[in-house]
Each structure stands twice: as structure tokens, then as C-alpha cells.
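Student: Please take one part of this model and go through it closely. I would like a connected account rather than a list.

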Amino acid sequence: MIRGLVYGLPVIILLGLVAAFSWGLNRDPEILNSVLINQPAPDFDLPAVGEGLPGLNLAALKGKPVLVNFFASWCAPCRLEAPVLDAIARDGKVKLYGIVYKDKPAAVARFLGDFGNPFSGLGLDSEGRTGIDFGVYKIPETYLIDASGRIRFRSEGVVTPQMYEREIKPRLAALAAGQ
């Protein structure tokens, strides 16, 4: 009896590990679970990126669903994402706000000059404090925030057209329908 258990236990552990790894391989790596999903977005009040522009705070995001994108000029994936964000802004189904993560205003101005500015508002998170509060660990990251200021979706990495169609638009429709 004990001998069978000694030989069988490693097999059971191995099968458990195989099952756990298989489950992990079937998950979409673009979608991260977050403890903030369905929780109020962290309060923030960020300065403007450039002179003569308003800053960005949580109160400005309330009233309708919005997308908040953390990005930086030094972020190569952010450059890949820029045309998609521009298309989302032109689509007009949701307003897009940007939080500049650990960057310099002059570099951001060059970035926006090169790729366009799809954002309805921008805030400068030069120290990364707001990013920490949101749980950002790798940019770009994008959050869907509902009209009451609750985070409904988080995407780590580049927002692709497919992700926008598959993940974000249905959630926007559900929010519009009051779900």
C-alpha cells in the first residue's frame, strides 16, 4: 500500500502540473486579470504634458465609458499601437485618454507629432505613481473605465484591431445597454 503511494504520488503530481500548464497555454496573453476589474479606478490628478494644455484627473473621465492608455515615447510597442489608437479615436465610439508614463514632455511632443494625437486628454505621470496605482507593470496598457469610474477591462500590450473588435467593442456595447 505505502509502496504504491510512493510510486503513484510523483505521477499524480506530474499529471497535475501538466493540467495546470495546459490551462495556462489556452489563456489569451493580451488579457490580464486585475484585482481592479469592477473596482473604482484609482484617483489621480496629473499635470499637463505641455504648456497651455489641461492636465488629466479621474473626475474628467466620469460620465461616459472611456479608454485610458498608458504609453511613452520610448516604448517601441506604443509606436506599433499608435495607428490603432488613431483609428479608435476616429471611430468615435469611445473617447481615448492618455497617461504618459515616465517620459519627458519634449519627447512626447515629438512622438505625437510623428504619430498623431488620438487623445481627448493627456496627463503626465513622470514618476510612475499613477501607473503603480493602476497596477501597470509593462506599457502600453489600456483600461476601459465605465461612466461611474469603475475599471471594466484591462489590456496589457498593444491594442490590435482584432482585440478592439473582439474585446473592447462588445464591452462598450454592454455598458451602453446598461449591463
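Tutor: What follows is a close look at one helix, with a short look at a strand and a loop afterwards. The model is predicted. Helix α3 covers residues 76-91, 16 residues in total. From its first C-alpha to its last it reaches 24 Å, close to the 22 Å expected at 1.5 Å a residue. The helix has a kink of about 40° at alanine 82, shortly before proline 83. Alanine 82 is also among the buried residues of α3, together with Cys78, Glu81, Val84, Leu85 and Ile88. An α-helix has 3.6 residues a turn, so residues three or four places apart point the same way. The packing partners of the buried residues in α3 are three strands and two helices: β3 (66-71), β4 (95-101), β6 (141-145), α4 (105-115) and α6 (161-176). Just after the helix, glycine 92 has a positive phi of about 75°.

Two of these partners lead on to a further strand. β4 runs parallel to β5, and five bridges join them; in one pairing, glycine 98 has leucine 122 of β5 as its bridge partner. Between the two strands the chain passes through α4, giving a right-handed β-α-β crossover. Five of the five residues of β5 (residues 121-125) are buried, so the strand is largely enclosed by the rest of the structure. Gly121, Gly123 and Asp125 lie on one side of β5, and Leu122 and Leu124 on the other.

Another partner, β6, is followed by a loop to β7 (151-156), where aspartate 146 is placed. Aspartate 146 counts as buried because its relative accessibility is 5%, under the 20% cut-off. Its side chain makes a polar contact with that of serine 148 at 2.9 Å.

How values were computed:
Residues are numbered from 1 along each chain as its sequence is written. This is a predicted model: local features need pLDDT of at least 70, side-chain atom pairs count only at pLDDT 80 or more; totals for chains, interfaces and linings use all residues. Side-chain values use heavy atoms; hydrogens and water are left out. Helices (H or I, at least four residues) and strands (E, at least two) are DSSP runs, numbered from the N terminus. The expected span of a helix is 1.5 Å times one less than its number of residues. The bend at a residue is the angle between axes fitted to the seven residues ending there and the seven starting there. Buried means under 20% relative accessible area, exposed over 50%, partly exposed in between (1.4 Å probe, protein chains only). Contact means heavy atoms within 4.5 Å. A polar contact is a pair of N or O atoms within 3.5 Å; within protein, one must be able to donate a hydrogen and the other to accept it, and residues adjacent in sequence count only if both atoms are side-chain atoms. Two strands pair if DSSP finds at least two bridges between them. A crossover is right-handed if, with the strands pointing away from the viewer, the path from the first strand over the helix to the second runs clockwise.
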